Structures are given as C-alpha cells and as structure tokens.
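Open the model in your viewer and keep the selection tool at hand. This tour goes stop by stop.

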Amino acid sequence: MTKSKVESKKRTRQRNGVRNKTNKEEEPRLILSASATGTKSKESSSFLEKMRARLSGGHFRMINEKLYTCTGKEALNYFRDEPSLFNLYHAGYKSQMSNWPEQPVNVIIKWLKKQSPSFVVADFGCGEALIAKSVKNTVFSLDLVSNDPEVIACDMANAPLVSSSVDVAVFCLSLMGTNYQSYLEESCRVLKPGGWLLIAEVKSRFDPNTGGADPDKFSSAISELGFNSVKKDFSNKMFILFYFTKKEKHISKRKEIEWPMLKPCLYKRR
C-alpha cells in the first residue's frame, strides 16, 4: 500500500472519529433539551391549574356571599336561572371543607347511627346527601337544586313534607339565608312532638366578640319557637353543634320572636 493511501485512510478514520465524538457530545444536550421542555410543560400545566382554581375560588366566594345575603326564595330563583352555578358552589364548598380537621356532617351521622333506624330524617340543605348515603334511616334530602333523583329541590321555608311526620331535622351549615328563622319554623312544623332538631354552624357565626350572634340568645329564640335546648357542643374548633327537642305541647306566644342576626360566613380572597 502506498504512503498516500495510508495517509488517506488515516485521515478518513480521523474524520469519522471526530464525527462520532461530536455525536456523543451532542446527544446529552438533546436529552437535556427534551427534559427542559418537559419541565416547562409541567410548569405551564401547573400554572393553568392554579389559575383555574383561583377563578373557581373567586366564583365560589361570589356565590357564597350571595347565599348569605339573600332570602331562600331569591337563592332558589338564582339557581333556577343558572343551575350550573350550584355545581360550581358545591365544588368550592367541598374544597373549603377539605381543610377542616373534622366534618360536622360526620358527627351528625355518628349521632344518627346511635339512634333508632326507624327515625325519619329531614336533611335541610343536604348538599351531596351524605346523610342519606350513610345511614339506614329514611332520609328526605332537601336542597335548592337537585342533580340527584333522591334529592328534593325546594325552598327550605316551604318543604313538601307532611306536618309532624319527621323524627329528626338537620341543618348542617345550611342556615344561610337572611330569613333563616323561616327554615327553623318549617322544621318545627314537620317534626313530631319530641323530635330532634340538630344544627351545626360555623363557630365564628356565634362569636359575639367578632360580630357573631350570642349562642344563648339563638337558643332562647328556638326555645320560644317550641323547642327544649338539650345541649350546645363547643368542643370543635371550626363549628358549634346545637341539639334541641320539640316540645310535646307548645302554646305559641303572641309576641314576635326576636331572632339574632347570624353573621355571614364570608371567605377572604387569597
């Protein structure tokens, strides 16, 4: 082999070697580039999710404020005009409740499971009807809008239930309207004498030091309506539970009951 051919082959091998080396050096850069793109994609997706959550949270706050500052009839018409807002509200409500260490509805469910399974229950403002899904009792689940055939859509001041037909009436974070007393009057109508009234509400609504109602005045007003106050449970950090029984015989007084104003539970913008 001539010297020129040897040198030619050497130059060819060198060129190939350089080429291969270059490819090996570039390969990690391509991988890094793909990884960076994936990271950016994840960051973008996370950002969009946060934005959607903020938008959803903003809508929830608006609807929540509306429900606390209007009558039950107005709220019923509000959701009838735009049923999708009801789903949006409950999605936001569920998100807020997920931060609570204990859910009041679970406390009520535990209490019901200790009572007779023959008790008929009226769940005023049932939400996702968790009580009906968790106990053996017959439960009438009432709410402003119904996406479930087992939930009765109605104004809670005018429930389609027979008078003196219910053993337990429940209000779990549902005394929201400015005419909340009419809901309690309706519960008194449908309850049997000796029947139970259970009310769970956000604790801040009953803190007089921050503009909330006096819990004793609230209990007194319900007693005047025709109930005996059995217990007030302040043990939970987030909510208070009231237990009443309907009086066997009650002579209604002519004077109008002085109902305390319940502080709206409004969420701050984050």
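## A tour from strand to ring cluster

**Stop 1: the whole chain.** Keep in mind that this is a predicted model. Show the cartoon. The chain has seven helices and seven strands. Follow the chain along its sequence and you meet them in the order α-α-α-α-β-α-β-β-β-α-β-α-β-β. Now switch on the surface. Its accessible area comes to about 16400 Å². Carbon and sulfur atoms account for 52% of that area. Of the 270 residues in the chain, 39% are buried. Take the contacts with a separation of 6 or more: 66% of them join residues 24 or more positions apart.

**Stop 2: strand E1.** Select residues 120–124, which form strand E1. How many of its five residues are buried? Five of the five are. In a regular strand, side chains alternate between the two faces of the sheet. Turn E1 and check each side. Val-120, Ala-122 and Phe-124 are on one side. Val-121 and Asp-123 are on the other. Both faces are covered.

**Stop 3: the neighbours of E1.** Add residues 138–143, strand E2. E1 and E2 pair in the parallel sense, over five bridges. Find Ala-122 and look across to E2: its bridge partner there is Phe-140. Next add residues 166–172, strand E4. This pairing with E1 is parallel too, with four bridges. Here Asp-123 has Val-170 as its bridge partner.

**Stop 4: Asp-123.** Stay in E1 and show the side chain of Asp-123. Which side chain of opposite charge is nearest to Asp-123? It is Lys-133, 10 Å away. Asp-123 is buried, yet has no salt bridge. The cut-off for a salt bridge is 4 Å between a side-chain nitrogen of Lys or Arg and a carboxyl oxygen of Asp or Glu. Now select what Asp-123 touches, leaving out residues up to four places away in sequence: Ile-131, Val-139, Phe-140, Ser-141, Leu-142 and Val-170. You have already met Phe-140 as the partner of Ala-122, and Val-170 as the partner of Asp-123 itself.

**Stop 5: Met-156.** Go to the loop between strand E3 (151–153) and E4, where Met-156 lies. Is Met-156 buried or exposed? It is buried, because its relative accessible area is 9% and the cut-off is under 20%. Beyond four places in sequence, Met-156 touches Phe-124, Gly-125, Ser-174, Tyr-183 and Glu-186. Phe-124 takes you back to E1. Try the distance tool on Met-156 and Glu-185: their C-alpha atoms are 10.0 Å apart, with their positions 29 residues apart in sequence.

**Stop 6: the aromatic rings.** The structure holds 14 aromatic pairs. Select Tyr-180 and Trp-259. Their ring centres are 5.9 Å apart and their planes meet at 85°, so this pair is edge-to-face. Tyr-180 lies in helix H6 (residues 180–190), and Trp-259 in the segment after strand E7 (239–246). The pair therefore ties together parts that are 79 residues apart in sequence. Tyr-180 is buried, at 4% relative accessibility. Trp-259 is buried as well, at 18%.

**Last stop: the cluster.** Keep those two rings selected and add Phe-206, Phe-218, Phe-227, Phe-242 and Phe-244. Ring pairs link these residues with Tyr-180 and Trp-259 into a cluster.

How values were computed
Residues numbered from 1 in each chain as written. Predicted model: local features only at pLDDT ≥ 70, side-chain atom pairs only at ≥ 80, totals over all residues. Heavy atoms only, no water. Buried < 20%, exposed > 50% of the residue type's maximum accessible area, 1.4 Å probe, protein only. Helix = DSSP H or I, 4+ residues; strand = E, 2+ residues; numbered from the N terminus. Pairing = 2+ DSSP bridges. Contact = heavy atoms within 4.5 Å. Areas by Shrake-Rupley, 256 points an atom, 1.4 Å probe, with all protein chains shown as cover. Lys, Arg positive; Asp, Glu negative; His and termini not counted. Phe/Tyr/Trp six-rings, centres within 6.5 Å; stacked < 30°, edge-to-face > 60°.
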